[in-house]
Structures are given as structure tokens and as C-alpha cells.
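This report describes selected features of the structure shown below. The treatment moves from a local backbone feature to the domains, the secondary structure and the contacts between chains.

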4 protein chains.
Amino acid sequence: MAKVRMGMVGGGEGAFIGAIHRMAAALDGEIELVCGAFSSTAQRSLRSGQSLHLSAERCYGDYVSMFREEAFLPADQRMQFVSIVTPNHLHLPVALAAITAGFHVLSDKPATLNLAEVVQLREALASSDCLYGLTHTYAGYPMVKEARSRIAAGQLGTVRRVAVQYPQGWLATALEQDQNKQAAWRLDPAKAGVSSCMGDIGVHAAHLLEYITQLRISALCADLGSVVEGRCLDDDGAILLRMENGARGVLLASQVALGEENALSIAIYGDTASLTWSQQEPNTLVIQYSDRPSEILRAGASYLDPHTLQFSRTPPGHPEGYIEAFANLYAAFAEQVRGAAENRSAADWAMDCPGIEDAVRGMAFIETAVAASNSDAKWHDFPDL
Amino acid sequence: MAKVRMGMVGGGEGAFIGAIHRMAAALDGEIELVCGAFSSTAQRSLRSGQSLHLSAERCYGDYVSMFREEAFLPADQRMQFVSIVTPNHLHLPVALAAITAGFHVLSDKPATLNLAEVVQLREALASSDCLYGLTHTYAGYPMVKEARSRIAAGQLGTVRRVAVQYPQGWLATALEQDQNKQAAWRLDPAKAGVSSCMGDIGVHAAHLLEYITQLRISALCADLGSVVEGRCLDDDGAILLRMENGARGVLLASQVALGEENALSIAIYGDTASLTWSQQEPNTLVIQYSDRPSEILRAGASYLDPHTLQFSRTPPGHPEGYIEAFANLYAAFAEQVRGAAENRSAADWAMDCPGIEDAVRGMAFIETAVAASNSDAKWHDFPDL
Amino acid sequence: MAKVRMGMVGGGEGAFIGAIHRMAAALDGEIELVCGAFSSTAQRSLRSGQSLHLSAERCYGDYVSMFREEAFLPADQRMQFVSIVTPNHLHLPVALAAITAGFHVLSDKPATLNLAEVVQLREALASSDCLYGLTHTYAGYPMVKEARSRIAAGQLGTVRRVAVQYPQGWLATALEQDQNKQAAWRLDPAKAGVSSCMGDIGVHAAHLLEYITQLRISALCADLGSVVEGRCLDDDGAILLRMENGARGVLLASQVALGEENALSIAIYGDTASLTWSQQEPNTLVIQYSDRPSEILRAGASYLDPHTLQFSRTPPGHPEGYIEAFANLYAAFAEQVRGAAENRSAADWAMDCPGIEDAVRGMAFIETAVAASNSDAKWHDFPDL
Amino acid sequence: MAKVRMGMVGGGEGAFIGAIHRMAAALDGEIELVCGAFSSTAQRSLRSGQSLHLSAERCYGDYVSMFREEAFLPADQRMQFVSIVTPNHLHLPVALAAITAGFHVLSDKPATLNLAEVVQLREALASSDCLYGLTHTYAGYPMVKEARSRIAAGQLGTVRRVAVQYPQGWLATALEQDQNKQAAWRLDPAKAGVSSCMGDIGVHAAHLLEYITQLRISALCADLGSVVEGRCLDDDGAILLRMENGARGVLLASQVALGEENALSIAIYGDTASLTWSQQEPNTLVIQYSDRPSEILRAGASYLDPHTLQFSRTPPGHPEGYIEAFANLYAAFAEQVRGAAENRSAADWAMDCPGIEDAVRGMAFIETAVAASNSDAKWHDFPDL
């Protein structure tokens with residue numbers, strides 16, 4: 001049995017997230033990077049590909065060529081799925097081209113530049129046999145999966161109050177005016193879309209909330225701002241939420257919370273128990289009760305849901321982190337790809353990877369948040385697309 | 001030099017906060033409880049007073065009698081100030097009676113039943129020589145004072161984003177229907193006013209925010225709810241804030257956050273540094289920077305502001321807590337009383353105790369939050385009274 | 001019913017622990033400081049006493065006078081017990097004088113200057129009707145009591161391995177050469193005894209270990225040192241322990257652990273569960289299991305042992321600390337005194353205060369540790385006196 | 001440029017550490033697993049190899065065959081180094097065979113079954129051109145490297161007191177009697193050597209201590225025990241240490257600390273600053289001072305030593321863990337191998353991987369600890385081999 005073969009678009013020299021995707025893909029030894037169109041020029045793409053130990057002929061100057069050439073290769077050599085790690089504005093065209101050429105797609109988030117695009121993407125997928133995955137990293141953490149399992153099993157009772165926050169500080173100064181590529185494209189509407197903060201991190205927080213609770217956001221009231229002078233996109237915001245079951249929520253996201261690293265955390269309060277989880281200490285999940293001691297659940301522990309345990313590689317006390325969470329998404333998606341190739345169902349656990357419906361809700365969240373913030377009306381319905 | 005003499009109204013058998021006030025008053029050996037009207041019947045008041053080692057003649061059946069009788073006592077024996085620890089609806093009448101009789105007032109919060117009453121109280125104080133203090137406990141913690149000092153000294157630069165939360169879980173079930181006196185009056189509009197959650201704890205969070213930043217809330221957008229069936233007052237809510245300098249904020253308060261104890265915490269993000277503080281680990285203040293390691297400041301440490309150090313009783317590593325914070329307010333107020341008695345200015349540190357202006361803003365916060373929550377309009381100005 | 005009347009020896013101007021004792025005594029309103037011999041000169045003692053609001057005639061120039069004069073006062077006025085807060089070398093003579101005069105004794109630790117003295121003290125007590133208490137502060141914390149209860153109830157099974165550490169950093173430089181009174185007497189053999197580090201803090205760690213486990217140390221192997229140049233007493237050390245049931249242990253104490261505050265912590269490993277507690281976060285006790293999540297027990301919570309709950313003054317989430325722990329010892333001892341005065345048994349909880357047997361074991365620990373450290377032999381029996 | 005080619009001995013079905021080594025090797029995309037002798041039978045080795053996507057002809061039935069066959073392959077195809085992940089008793093024979101065949105060796109720890117063997121190994125290496133690395137995992141963590149850098153730069157001043165502990169609980173019951181392969185070989189003297197606890201984890205603690213401080217242990221006094229009935233090797237122990245500069249230390253290791261996961265932690269106290277690090281929260285390093293706030297250093301932060309930053313893959317707040325630490329050792333060793341293959345010096349950072357001298361000291365530690373524990377003499381010199 002061979003490894004699953006992956007191509008990559010984006011992720012060349014100077015990129016951040018592409019390297020993470022590659023490590024995540026490599027970790028379990030089940031995926032092989034076989035080709036890529038890493039940069040916007042053929043020369044830089046070649047240089048990137050060769051530093052990744054690819055042969056020159058599988059380093060493409062652009063994704064159009066890559067999909068065309070790979071399609072001509074023998075079935076047991078050509079890439080099976082593409083990993084898209086470009087800035088946001090390229091997500092849709094690359095994904096559409098891949099689908100047209102018959103390749104599965106695993107994309108960085110947000111799925112597209114705007115809501116209309118993601119609907120178009122969903123349509124293209126519907127009329128194809130291609131699989132689609134979206135790397136909402138935080139859904140890959142074992143203890144996030146445990147949180148979801150526990151709520152699904154009713155251990156928290158009815159969810160009443162939720163709070164999720166995602167403060168970062170790295171854009172507290174105008175890095176985008178200072179040759180920082182990562183900052184520059186995220187604050188450029190042509191490449192990032194209508195939002196910086198909500199599009200880059202708020203959407204992670206919203207996804208985490210819906211993923212864990214399996215409750216949809218039904219309405220929101222938003223207050224976004226551009227704190228650092230000269231920005232035309234939001235870099236900070238807070239949003240009041242109403243969940244479909246009536247539970248109240250609040251979501252805070254900020255790129256100007258100076259001194260914060262990547263401090264995503266969530267609290268879910270039910271009527272029989274509650275839970276809290278923090279991304280910076282991801283191997284711990286705390287469950288709180290009204291009448292007995294709080295419990296500290298730990299990744300890898302024998303008492304966890306068997307589904308959760310499939311996503312740990314080490315025993316408790318051997319910290320796993322961000323790359324392993326990412327690798328869990330890759331492992332699940334690769335198993336889906338393998339299942340499709342072998343005309344069999346993928347393993348159950350492999351379906352626990354965000355897909356196109358998550359993608360649609362993510363784009364709807366971003367657009368609704370921005371529209372709500374610009375409005376004097378208090379509440380805005382979350383569109384059900 | 002004698003101790004400062006205190007009377008008490010409320011705080012009889014079965015009360016919670018009255019006992020805390022008495023311990024806070026006793027801790028430093030500078031205040032003596034000399035009399036009280038502890039309960040609504042003379043018999044129970046006497047029983048309470050005697051268990052507190054008061055002589056029978058200083059245990060009064062009601063506060064009217066107490067103020068009248070105490071006023072007749074020789075100046076070196078009669079109470080100098082009254083501590084009011086009744087349910088909210090009695091705060092105003094007791095305070096007015098005390099002022100009329102010439103006694104200083106230290107009151108539990110919120111100051112009155114509603115905004116109109118606190119304005120009335122302010123007027124009464126203005127035409128008297130009486131001092132007024134309000135026990136916003138959390139302003140008594142040394143590391144809260146350090147946070148305030150650092151911001152006042154400009155060490156955070158311009159404040160841009162604030163977040164304060166105060167989740168509790170003790171009202172997650174309908175205790176008020178179950179003989180729980182503490183729950184019952186807090187959820188009874190006649191005794192608590194227009195709000196339970198914002199009136200009992202949200203107002204602490206708002207005060208802490210304004211106290212630390214020395215910035216006023218200028219507008220808010222609120223979403224309060226009554227989560228537990230059968231309640232007519234809010235037991236949960238979140239509020240978007242705008243501070244007077246334009247900074248955005250969010251305030252979360254809940255009495256139904258099951259499993260939470262008294263988890264008040266605050267984060268203030270400036271453009272040169274940030275800080276976080278949590279009431280449940282009150283002796284630590286963390287300062288975060290963009291380009292150097294975060295710092296852990298500890299209560300009692302030599303590097304703190306000298307003003308802060310006046311509010312610690314022990315060296316670092318000897319935890320001080322809630323009662324000591326309360327005692328800091330008592331010590332400050334007692335020093336004000338002593339200064340007044342001796343016709344001299346009180347010590348500088350003694351002025352660092354919440355007073356009538358805090359009281360007015362607190363009541364304005366509660367009423368504005370409730371009104372805003374009931375409105376379809378997004379933003380509501382915070383009245384400047 | 002009157003308050004219990006306390007006299008004090010030591011604790012005058014510039015002292016640290018005397019003020020803590022007074023706050024602890026005052027906190028619950030059940031003890032009244034009525035007299036004292038606070039300093040080594042009559043003038044300074046008077047000044048101290050008056051700043052504590054004592055009348056001049058109850059401020060004594062020395063403890064001999066105090067015991068003599070107080071004995072002449074009417075029974076309902078004279079002190080009932082003496083709190084001894086002097087440097088170590090005075091503990092015995094003051095205690096003996098108090099006992100001779102018929103006063104109960106509550107003493108700071110260590111009980112005496114050396115082992116021979118504490119045996120002498122035990123004999124004096126045995127032939128008197130006087131009560132004796134020793135302020136091993138850390139035994140006063142509610143969660144320490146809970147730890148003890150749980151082990152006594154068998155919830156940890158057989159104790160197998162223990163570890164206790166008490167690092168402090170305040171003597172990391174030669175403060176004793178720099179006018180620091182607290183440092184100077186602790187490093188002076190004439191006033192401190194044969195040990196600084198083990199006498200001042202190691203003995204607390206040893207007591208905590210025996211108090212929680214109710215197992216006696218049976219043998220030890222010690223390595224003490226004088227790290228800072230010029231010291232003739234130890235300021236740092238580690239000790240291997242054997243408990244009476246065969247469990248192995250290690251005790252670390254240091255006064256030169258630069259940067260540490262008062263970081264006493266303990267871990268007890270049984271064969272069915274384990275526990276950890278840290279003095280700097282005293283309101284939390286963690287219980288660990290092999291096959292289910294760790295539990296976070298919190299002071300004041302309803303699920304604790306009823307005995308434990310008698311030592312909390314506030315609900316969970318309202319931090320109590322060092323002074324409250326101290327006050328728990330004072331409350332218990334005062335209740336013993338009251339019981340004796342009323343010729344009745346004291347309440348059960350009042351017996352949970354360290355006494356003369358703890359004092360004897362403490363002195364035996366100090367002397368054995370120093371002797372063992374000076375020896376080339378590996379193991380030294382802990383004397384059973 | 002091709003990837004570095006790795007073979008593996010051990011790590012077949014049911015093994016734990018082999019899979020970790022493979023993930024660590026794969027993570028950065030610079031190493032390719034090309035062959036292996038994974039199990040003690042050819043059939044199981046083949047099955048393991050094929051599940052790892054190796055071709056059948058590179059799955060060997062034993063390591064002797066593997067080294068022989070691989071040596072016949074063309075230089076650009078044959079393995080360059082072997083990763084040894086067998087139980088301890090096979091470490092030496094496999095390593096010697098590899099060296100004889102001219103292959104570099106990267107070995108799991110402890111290096112050999114006993115001290116005599118490691119000396120033999122050192123001699124074999126000395127008369128070869130082979131490289132040798134030892135996977136003391138914890139030396140691979142970025143914040144451990146930062147700790148080492150800071151001490152090397154003198155930021156702690158003179159080290160005075162050290163404390164390292166490594167409690168685990170997984171052997172708190174007699175798993176070895178219950179079909180647990182991991183437990184069984186570790187407690188079998190024929191496969192594990194003279195020690196279980198010190199050989200498996202104590203040696204990690206000792207290495208971490210010497211690695212961070214760059215001070216050698218010069219003497220020790222040990223108290224090891226077999227807590228669980230029926231064991232002939234130690235499963236628990238504590239050791240007093242003396243460092244070469246005179247600093248005192250204590251080392252605790254236990255496999256029966258029920259409830260503990262993999263709780264390695266270390267504290268180093270200097271005369272100008274101190275530091276603490278815990279493996280379970282590996283991305284944080286705390287530096288403590290006497291006169292200013294403690295600092296929280298975080299992995300990936302710009303203010304770290306440039307050497308440290310070479311070992312992080314993500315920005316601060318994106319947790320990296322155990323596998324990444326392991327991967328840092330693999331990356332360094334692979335770079336050494338590549339340097340040797342290209343007849344150039346390896347990059348500086350590549351030399352920061354434990355080698356044969358660490359191996360020798362590790363075996364000396366284990367043997368000395370066991371001998372010292374069995375002796376009535378207090379102190380035992382650490383042999384300088």
C-alpha cells in the first residue's frame with residue numbers, strides 16, 4: 001500500500017502556514033508530497049520545491065500547469081489531492097481548477113474570499129466526485145474532540161452560556177507598513193476579503209464554538225474596529241451571539257491584544273456541567289460541576305472517549321501541540337482520499353475533518369459580522385445557506 | 001488614641017456579607033464594633049449582638065433607635081460610622097437616617113435600589129459633613145491598585161481593548177425557591193432593584209474596569225437574560241462597551257455559569273503593554289509586552305509602587321485574600337473618619353476607597369444595562385450624572 | 001460571654017510575626033489583646049502597646065512583671081493566655097514563667113532553642129493545668145486539613161512516597177550583615193539554636209508532612225549547608241526520609257533559593273490515589289488517580305469534609321490566605337482556653353491545633369537533621385521521645 | 001539534494017518509542033526511512049515494514065542481515081544511519097554491528113545495558129568514522145536550550161542549589177505481571193540492566209541537570225526502592241547530589257507516583273537569578289530574580305537566544321511538544337550525517353545533540369546510584385571516566 005500523494009499550491013519561501021501544512025502531512029508517514037506550485041514565479045517555485053527534495057519536473061510554475069501535467073501522469077504516480085496554502089483570494093480559483101482536473105482539495109481557511117465564492121465552490125463540489133477539507137486546526141486537538149463528545153453525550157445538559165475568545169497581539173503595531181508579508185496580505189482587502197481579524201482568527205473561534213457545541217449561531221450583534229491607524233480592515237472586535245437553542249454567547253477576537261500570543265480559549269456552561277479549554281495548554285480539558293470537584297481531563301488518558309484517543313500519538317504527559325492537531329486533520333483527510341481511491345468507505349474517524357459546510361458557515365460568519373458591525377441595528381440573523 | 005467606633009445595620013444571623021464586614025473591620029485592630037441593629041426583630045438583633053460580645057444596651061431593635069440613642073451617648077463612646085450590610089432596598093433609608101443623625105456611612109454595594117435614590121443620597125451627603133464609602137471589595141486588592149498605578153503612570157500607553165468577566169455558578173439552579181435567603185432577596189425586585197446579575201456582580205466588574213483604567217464607560221450595548229425559569233430579573237448577560245477614549249470593551253457577568261466560583265478577571269490591552277488579573281489568584285498581576293518576556297508581579301514585593309505596598313500585610317508568598325482586600329477598604333475609611341474627628345486631613349492612602357461618585361456610576365451602570373438590553377437600539381450612552 | 005483575653009510577649013516595633021499573630025487573634029472577634037511586654041525596653045514596649053490601643057498600665061517592661069501583675073488582676077480582667085512571638089531563645093523562659101503563673105501558652109515555632117528545652121517544657125506542662133499550642137501555621141489551612149482527612153479516611157490507600165519542599169529566597173544575600181533584624185537573629189546560634197534553615201522552615205515542612213499523613217518520620221539522611229559566606233548555621237538543605245510505614249520521602253528546604261517567596265508544597269503518593277498542595281495557592285487541593293481524571297478540590301466547597309468546612313470563612317472563590325490559616329489556630333486555641341475556663345470540654349475542632357507533642361517532634365527533627373548532616377553515616381534514627 | 005536515509009532496529013508492532021522516533025524523523029521532511037529490522041521474527045518485521053510503506057526487500061529479519069545487505073547497496077541508496085529503538089540489552093550489539101558495517105548510530109537511551117558496555121562502545125566509536133547520537137529527548141526542547149544558554153551566559157551567576165524531579169505513575173501497579181510488554185522488559189534485569197526507575201527516567205533527569213547547568217555531578221547519596229511487591233529492580237528513588245562546583249542538589253524519580261504522567265521538572269538556583277522548567281508545559285521557562293518580577297519566557301519569542309530559535313517551528317502560542325523535541329535531536333543528527341557525507345563540517349546547531357560522552361555519564365549515573373543505594377556509606381563519588 002502506497003502513501004497518499006499530495007501536491008501543494010502556495011507555501012513557498014517566506015510563507016508561514018505552508019511549512020506547517022507540510023510537517024502535518026509528513027508526521028504520520030502516510031502522505032507524500034510529490035509536487036507543488038509554491039510561488040508566483042517558476043524560478044522561486046523550483047527553488048522551493050528542490051529544497052523540499054522534489055525533482056525539478058514536479059516543481060511547477062503555476063497551479064494551472066500543475067493540475068494539467070499531473071493529470072497526465074500514471075494513476076499511481078500523480079498527486080491525489082492538493083493542499084491550498086495561498087493567501088485567501090486564491091483559494092477559490094485554485095480549488096475550482098483542482099476540482100475541474102479531478103483532484104481532491106484540502107484548503108487553508110477561510111475557504112474563499114467571500115460568501116458568494118464559497119457558495120460557488122459548494123456547487124462545483126456537488127457536481128464532482130472530489131473531496132473537500134478545510135483546516136480549522138483547532139478542531140484537530142484531541143481535547144477539543146473530547147469536549148465535543150461529552151456535550152454530544154449530554155454530559156453538560158443544556159448549553160446555556162458560551163464564551164470564546166481569541167486574542168493575539170502580533171498586529172498591535174503597523175507591521176503591514178514594514179515589509180512583513182504575513183501582515184501585508186492579511187490587511188489588504190484584495191487578498192484577505194472584507195475582514196482581517198474576523199477572517200483570520202474570529203472565524204476559528206466561531207468554528208470552534210459550533211464544532212464543540214454542535215449548536216449553530218443564529219444571530220449576532222457585532223462591534224469591530226480598526227485600532228491601528230491606517231487600516232481599512234478590522235483588527236479587533238467583540239460579538240454578542242445567540243445560539244440556535246437560545247443560549248447566549250460572546251466572542252472576542254483581537255489582533256492588537258498586545259502581548260497575547262495565540263490565546264484561543266473557550267468556556268461552555270451547561271445546566272449540569274461546564275467545560276473550559278485553552279489552546280495554549282491544549283492537552284487539558286477541565287470539566288466543572290456544581291456539587292463535586294472539577295475534573296482535569298488529559299490528552300491520551302485511558303478514560304477518554306475512544307474516538308478522542310484515535311487522535312493522540314503519545315501517552316499522557318508527553319505534550320502534543322499545534323502541529324499534531326494539524327496532522328490530525330491531514331490524517332483524516334488522507335484516509336478519506338484513500339477510501340475514495342479504493343472505492344470503500346473511509347474509517348469513521350476520518351470523517352471528523354471540517355468540510356464544505358463548515359466552509360460556508362465560516363464565510364457567512366465573516367460577512368455577517370462585518371455587516372452587523374456596520375449597522376445601527378442590534379441583532380442580525382446568521383444566514384442559513 | 002482610641003479605636004474608631006463602628007455600628008452595624010444588618011448582618012444578623014444567617015447573613016453572609018455582614019460577617020465579612022466585621023472580620024474586615026477587626027483585622028487591623030483599629031476599629032471596634034460598638035453597637036448594631038442586626039436584624040428585623042429586636043430579639044434576633046439582641047441575640048446576634050450578644051454573640052458578638054456587645055452589651056445588651058448597644059444591641060438595637062432597629063436602625064432608627066440606634067442612631068437616636070447613639071447620638072445621645074458621650075462623644076468618646078458613641079459610634080462614629082455605620083456599616084450598612086442589609087439587602088439593597090434598605091441601603092438608602094439607613095444611609096439617610098445615619099447622615100441626618102450625623103454619622104458617617106460605609107455601605108455595601110450597590111449603593112441604593114435605583115439611580116434616582118443614589119442621586120438623592122449624593123445630595124444628602126453634599127449638605128452634610130458626613131463621609132461616605134462603598135465597599136467595592138475588589139478595589140481593595142493590592143494588585144488591583146498596582147494595575148491602576150501602572151496605567152496611571154503610562155506604562156501601558158493608550159488603552160485600546162478591555163475585557164472583564166465575572167462568572168459565578170451558584171444561581172445555576174432555582175435556589176430562590178428553596179429557602180435560600182441569599183438567593184431569594186437578590187432575585188426579588190423589591191429588595192434587589194431592576195437587576196440581579198448586573199446589580200450584584202456586573203457592577204463590581206464595571207467598577208473594577210473604571211477603577212483600574214481610570215477611563216469612564218461612555219456607551220454600551222447589552223444582552224441580559226433570565227436563564228433559570230421563573231426569574232423576573234437577569235441572571236446572566238454580556239455587554240459591549242465603549243470607553244471614553246474610544247477603546248472597545250466587553251463585560252460578561254453570569255450567575256448561572258455552573259461550576260464557576262467567583263471568577264472575576266480582567267485584561268487591559270494598551271499600545272505599549274497589557275495586563276491581566278484574576279480575583280481567584282489575587283496576589284499576582286501579569287504584565288505583557290510585545291518584545292520582551294511577560295512579568296509576574298507579586299503582592300508584597302519590593303518593586304511595587306509604594307502606594308500599593310501600603311495595602312499588604314505580609315511579605316510575598318504569604319497569600320492574602322478577600323478578607324484582607326475588604327479590610328483595606330475599612331482601614332482607609334476608618335482613617336478618613338479619624339481624620340475628620342481630629343480635624344485633620346486623612347492620610348493619602350485613606351482616600352483610595354470608593355465613594356459616592358463610584359456609587360452614582362454604579363447605579364447608572366445597572367440601569368443603563370437593563371434599559372439597553374430591553375431595547376432594539378444597539379448603542380446606549382452611559383449617562384454622565 | 002466575654003472575649004478570650006490574650007497577652008503578648010514580643011512583637012514590638014520592627015517585628016514581623018507579632019503583627020501576624022495579632023491580626024490572626026483579632027480576625028474572628030473572639031479574642032481581645034489586653035496586655036503585652038512587646039520589647040526589651042519598657043519605653044519601647046509602652047510605645048508599641050499604645051499604638052495597639054492598650055492602656056499604659058497593661059504595657060509591661062518585661063514578661064516577668066507582666067505575669068506577676070496580671071495574676072493580681074480580677075479573674076474577669078486578667079489575661080488568660082500568652083502569645084509568645086520572640087526570637088527562639090526566649091520561647092522557653094517565657095513559657096515556663098507563664099506556666100508558673102498559671103497562664104496558658106500559645107507559642108511561635110520552633111518551640112524552644114533545643115531539644116532538651118522542649119522536654120523540660122513538656123514536663124512543666126505535665127505538672128500544670130496549662131494548655132499549650134504551637135503555631136505551625138500551615139496546619140491551619142482548610143485544604144491541609146482536607147488532605148489529612150482524606151488520608152485518614154483511607155482515600156489514598158497506603159502512602160508510599162512523599163515529597164515536601166520549602167524553598168525561600170530572602171536570605172540569598174547576607175542580609176544579616178546589613179541591619180536586617182529578621183535575618184540577624186535567625187542566623188545567630190545564640191538566638192536561633194543549631195539551625196537556621198531547618199529551624200525556621202524545614203521544621204514547618206516536616207510538621208506538615210507528619211500532620212497530613214499522620215505517619216511519623218522514622219529515619220533521615222541529611223545534607224545541610226551554609227551557602228552564603230560567613231554563616232555558621234545552615235541556610236539550605238535536603239533530607240532523605242523514611243516514614244514509619246516504610247514509605248520513602250524527601251524534604252528540601254532552602255533560604256537561598258533566590259526568587260522563591262514562600263513556596264512550601266507537598267506531594268503524597270498512595271497506592272490508590274495521590275495528592276498535591278501548594279501554600280502559595282492554598283485554596284486548592286489536587287487529588288490524582290490512576291484511572292480517572294484528577295480532581296481539583298476547593299476551599300469552602302460543599303463536598304469537603306465537614307471538619308474542613310469549619311475552618312473556612314467564605315464561599316469558594318473568595319480567597320483566604322495566610323492570616324486566616326493563622327487565625328484558625330488562634331480560634332481553636334481560644335476555644336480550648338474558653339473550655340478550660342468554663343470547666344467543659346472544648347469543641348472537637350478546637351483540638352485540631354498543634355500542641356506540645358508536635359513541639360517535641362519539631363525540636364527532635366531539627367537536632368537530628370543537623371547531627372545527621374554532620375555525620376558520615378547514612379541513616380539516622382529519628383528519636384522517639 | 002537527497003534526504004538523509006535512515007534504517008531502524010526495533011520499533012515493530014506493539015512498540016511505543018519506535019513510532020515516536022519515526023514521527024520525529026519524518027517531521028521536517030529531511031530524513032527518509034528506507035529500511036528496518038523491526039521485530040525479532042522476519043515475518044513480523046516484514047509486516048511492520050510494509051505498514052510503514054517500505055518495499056519488502058528492505059524489511060529485514062534481523063539487524064545482522066540488514067547491515068550486511070545495506071552495505072552492498074549503491075551509496076546513494078543505502079541507509080546512512082541506524083536508529084536503535086530496542087530494549088536496552090540490544091543497544092550495544094546493534095550499535096557495534098552498525099559501526100563495524102560503517103553506519104552512523106542514533107540510539108535510544110540508556111546507551112547500553114551497563115557501564116562496561118558503554119565504555120566498550122566508546123572505544124569502538126573512537127576507532128571508527130561513525131557518528132553517535134543519543135536521544136535524551138528533553139535536551140531537544142527549545143526552552144531547555146534557552147535555560148542552558150542563559151546559564152552559560154552567566155545570567156544566573158553561580159549555581160548554588162538544584163532540584164530535579166521526574167515522577168511517573170504508570171508502574172504503580174504490577175503491570176509487568178499483566179502482559180504489558182513495556183512494563184515487562186523495563187523490570188527485567190536481563191533486558192533493562194541494574195535499574196528500572198533510574199535507568200528509564202532517573203537518567204533523563206540527571207542528563208537534563210548536567211545539560212542545563214553544564215556542571216557535572218561529582219558525588220551522590222542514594223535511596224532507591226522497589227515499592228511494588230515482586231520487583232527486583234527499583235521503581236522509585238531519591239538522590240542527594242553534589243555538583244562539581246559544590247552546589248547541592250536533589251533528584252527524585254519514581255514510577256509509582258500514582259497519578260503523575262511524565263512530570264519531569266527542574267529548578268536551578270543561582271546567586272543572581274534562578275529558573276524553573278516543566279516538561280508538561282514545555283514552552284514556558286520562568287526566570288526569577290531577587291529584586292524584580294519573575295519573567296515568563298516563551299518558545300518561539302523574538303527575545304530568545306538565536307540558537308534556541310533554531311529549534312522552534314512555530315511562533316509563540318502555537319504549542320510544540322514531545323515529538324518536536326525529539327525531532328530536534330533527529331534534525332541535528334541528520335545534519336551531522338549530511339555533513340559527514342559531504343565532507344564538510346555540520347552546522348553549529350547540529351552539534352547540540354547528546355553523544356557518546358553523555359552516554360558514558362548516563363551509564364555511570366545509573367550504576368553509581370544503584371551501588372550507592374545498596375551501601376551504608378553516605379557519599380559516593382561519581383566516576384569520571
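A:Gln179 is found in the loop that runs between β6 and α7 (181–186) of chain A. The model is a predicted one. The phi angle of A:Gln179 is near 70°, a positive value in a residue other than glycine.

A second kind of backbone feature concerns proline. In chain A, a cis peptide bond joins A:Lys109 and A:Pro110, with omega at about -10°. A:Pro110 has its place in the loop between β4 (104–107) and α5 (115–126) of chain A. In chain B, B:Lys109 and B:Pro110 are likewise joined by a cis peptide bond, for which omega is about -10°. The loop between β4 (104–107) and α5 (115–126) of chain B holds B:Pro110.

**Domains of chain A**

The domain assignment divides chain A into domain 1 (4–138 + 326–350) and domain 2 (141–308 + 361–381). The C-alpha centres of domain 1 and domain 2 of chain A lie 26 Å apart. Domain 1 of chain A contributes 16 residues to the contact, and domain 2 of chain A contributes 23 residues. On the side of domain 1 of chain A that touches domain 2 of chain A, there are 9 nonpolar, 6 polar and 1 charged residues.

**Sheet and helices of chain C**

In chain C, 5 strands form an open sheet with the order β2-β1-β3-β4-β5, and the pairing is parallel. The edge strands are β2 (31–37) and β5 (132–134) of chain C, each of which pairs on one side only. Neighbouring strands of this sheet are turned against each other by 25° on average, direction ignored. Strand β1 (residues 4–9) of chain C pairs with β2(C) in the parallel sense over 6 bridges. C:Met8 stands opposite C:Gly36, a residue in β2(C). Helix α1 (residues 17–26) of chain C lies across β1, β2 and β3 (81–84) of chain C, and the helix runs at about 150° to β2(C).

A packed pair of helices is described by the angle between the two axes and by the distance between them. The axes of helix α6 (residues 142–152) and helix α9 (residues 197–213) of chain C come within 7 Å and cross at roughly 45°. α6(C) and α9(C) are therefore oblique to each other. In this contact, C:Val144, C:Ala147, C:Arg148 and C:Ile151 of α6(C) meet C:Leu208, C:Tyr211, C:Ile212 and C:Thr213 of α9(C). By class, the residues of the contact of α6(C) with α9(C) divide into 6 nonpolar, 1 polar and 1 charged.

**Contacts between chains**

Two chain pairs are considered, beginning with chains A and B. Here 33 residues of chain A are in contact with 33 residues of chain B. Two or more residues each are given to the side of chain A that touches chain B by β6 (159–167), β7 (217–225), β8 (236–243), β9 (248–254) and β10 (265–270) of chain A. Of the elements on this side, β9(A) gives the most, with 4 residues.

For chains D and C, the contact takes 33 residues from chain D and 33 residues from chain C. The elements that give two or more residues to the side of chain D that touches chain C are β6 (159–167), β7 (217–225), β8 (236–243), β9 (248–254) and β10 (265–270) of chain D. β9(D) gives the most to this side, with 4 residues.

The table lists the residue classes on one side of each contact.

| Side | Nonpolar | Polar | Charged |
|---|---|---|---|
| Chain A, touching chain B | 15 residues | 9 residues | 9 residues |
| Chain D, touching chain C | 15 residues | 9 residues | 9 residues |

**Symmetry of the copies**

How are chains A and B superposed? A rotation of 180° with 0.0 Å of shift along its axis lays chain A on chain B, with an RMSD of 0.0 Å. The two copies are thus related as by a two-fold rotation axis. The C-alpha nearest the axis in chain A is that of A:Lys378, 2.2 Å from it. Because 100% of the interface residues of chain A are also interface residues in chain B, the copies meet through the same surface.

Chain D can be laid on chain C by a turn of 180° and a shift of 0.0 Å along the axis, with an RMSD of 0.0 Å. Of the residues of chain D, D:Lys378 comes closest to the rotation axis, with its C-alpha at 2.2 Å. The same surface serves both copies, and 100% of the contact residues of chain D recur in chain C.

Key
Residues numbered from 1 in each chain as written. Chains lettered and ligands numbered in written order. Predicted model: local features only at pLDDT ≥ 70, side-chain atom pairs only at ≥ 80, totals over all residues. Contact = placed C-beta atoms within 7 Å. Nonpolar A, V, L, I, M, F, W, Y, C, P; charged D, E, K, R; others polar. Domains from an automatic or database assignment. Least-squares fit on C-alpha atoms with pLDDT ≥ 70 in both. Axes fitted to C-alpha atoms, helices over the stretch in contact; angles between N-to-C directions. Parallel < 35°, antiparallel > 145°, perpendicular 65-115°, else oblique. Pairing = 2+ DSSP bridges.
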